[in-house]
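Please examine the sequence and the model shown below. The paragraphs that follow lead through its main structural elements.

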Amino acid sequence: MNDAVPTQSLLLIRGLPGSGKSTLAKKMCQKDAAVHLETDMFMTDSKGRYQFNPKKLPAIHARCEQETRTHLDAGHSVIVSNTFSQIWEMQPYLDMAREADIPVQIIECQGQFKSIHDVPARSIENMRNRWENLPQR
């Protein structure tokens with residue numbers, strides 16, 4: 001009989017809008033009982049409708065980072081699915097995991113589905129143009 005305690009972890013899922021990030025995160029949370037967070041969760045109005053506001057992005061990203069830290073500090077595993085088009089956008093999460101000695105995994109989604117948030121094609125193309133590949137290990 002294996003009495004090993006499940007290991008706490010942080011999983012970052014990155015990809016362009018419509019690549020399958022949210023869908024994958026939700027499936028993985030059901031399987032692993034992890035907490036799923038993404039900035040889009042904090043962009044809803046009082047009726048739960050998605051309301052993108054670029055002026056609020058810095059505060060919303062800070063909130064997602066803080067929620068992640070709170071859940072990690074409480075001993076939960078966390079899955080964060082955001083675009084993370086540039087490496088520096090993942091750095092706060094990588095730092096908090098390193099500080100807490102929690103393993104991190106990064107998954108990159110490359111599907112091409114319809115964006116659930118109706119992100120304009122031009123915005124997706126801009127994100128694609130600024131995309132940074134993960135460094136090779």
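With which residue does Glu-108 form a salt bridge? The partner is Arg-14, and the closest N and O atoms of the two are 2.8 Å apart. Since the model is a predicted one, this distance, like every other value here, is computed from predicted coordinates. The pair connects distant parts of the chain: Arg-14 belongs to strand β1 and Glu-108 to strand β4, with these positions 94 residues apart in the numbering. The two partners differ in their surroundings, for Arg-14 is buried at a relative accessible area of 0%, whereas Glu-108 is partly exposed at 28%.

The strands that carry this pair belong to an open sheet. Four strands make up the sheet in the order β2-β3-β1-β4, with parallel pairing. Its edges are formed by β2 (35-37) and β4 (104-108), each of which pairs on one side only. From one strand to the next, the twist averages 20°. As a general point, strands of a sheet pair through backbone hydrogen bonds, in either a parallel or an antiparallel manner. Within this sheet, strand β1 (residues 10-14) and strand β3 (residues 78-81) run parallel and are joined by four bridges. Leu-11, for example, has Ile-79 in β3 as its bridge partner. Helix α3 (residues 91-99) lies across β1, β3 and β4, and runs at about 165° to β1.

The packing of nonpolar side chains comes next. The largest nonpolar core contains 17 residues, and those with the most contacts inside it are Leu-10, Leu-12, Val-78, Val-80 and Tyr-93. At least two residues of this core come from each of β1, β2, α2 (57-73), β3 and α3. Leaving aside neighbours within four places in sequence, Leu-12 contacts a set of residues that includes Val-80, Phe-84, Tyr-93, Leu-94 and Ile-106. A second, separate core holds eight residues, among them Leu-11, Ala-25, Cys-29 and Ile-79.

Cys-29 also raises the matter of disulfides. A search of the whole structure finds zero of them. For Cys-29, the nearest cysteine sulfur is that of Cys-64, 12 Å away; a disulfide would require the two sulfur atoms to lie within 2.5 Å, so this pair does not qualify. Both cysteines are nevertheless buried, Cys-29 with a relative accessible area of 12% and Cys-64 with one of 0%.

Two residues stand out for their backbone geometry. In general, most residues other than glycine have a negative phi. Phe-84, in the loop between β3 and α3, has a positive phi near 45°. Asp-101, in the loop between α3 and β4, likewise has a positive phi, of about 55°. Phe-84 is buried at 5% relative accessibility, while Asp-101 is exposed at 69%.

Finally, the charged pairs may be considered as a group. The structure holds seven salt bridges, including the one between Glu-108 and Arg-14. Another joins Asp-32 to Lys-31, at 3.4 Å from N to O; Asp-32 is partly exposed at 41% and Lys-31 is exposed at 67%. Arg-128 and Glu-125 form a further salt bridge, their closest N and O atoms being 2.9 Å apart. These two residues are about one helical turn apart, because they lie three residues from each other in helix α4 (residues 121-129). Arg-128 is partly exposed at 39%, and Glu-125 is partly exposed at 35%.

Methods
Residues are numbered from 1 along each chain as its sequence is written. This is a predicted model: local features need pLDDT of at least 70, side-chain atom pairs count only at pLDDT 80 or more; totals for chains, interfaces and linings use all residues. Side-chain values use heavy atoms; hydrogens and water are left out. Buried means under 20% relative accessible area, exposed over 50%, partly exposed in between (1.4 Å probe, protein chains only). Two strands pair if DSSP finds at least two bridges between them. Axes are lines fitted to C-alpha atoms, for helices over the stretch in contact, and angles run from 0 to 180 degrees between N-to-C directions. Contact means heavy atoms within 4.5 Å. A nonpolar core is a set of buried Ala, Val, Leu, Ile, Met, Phe, Trp, Tyr and Cys residues joined through side-chain atoms within 4.5 Å. A salt bridge is a side-chain nitrogen of Lys or Arg within 4 Å of a carboxyl oxygen of Asp or Glu.
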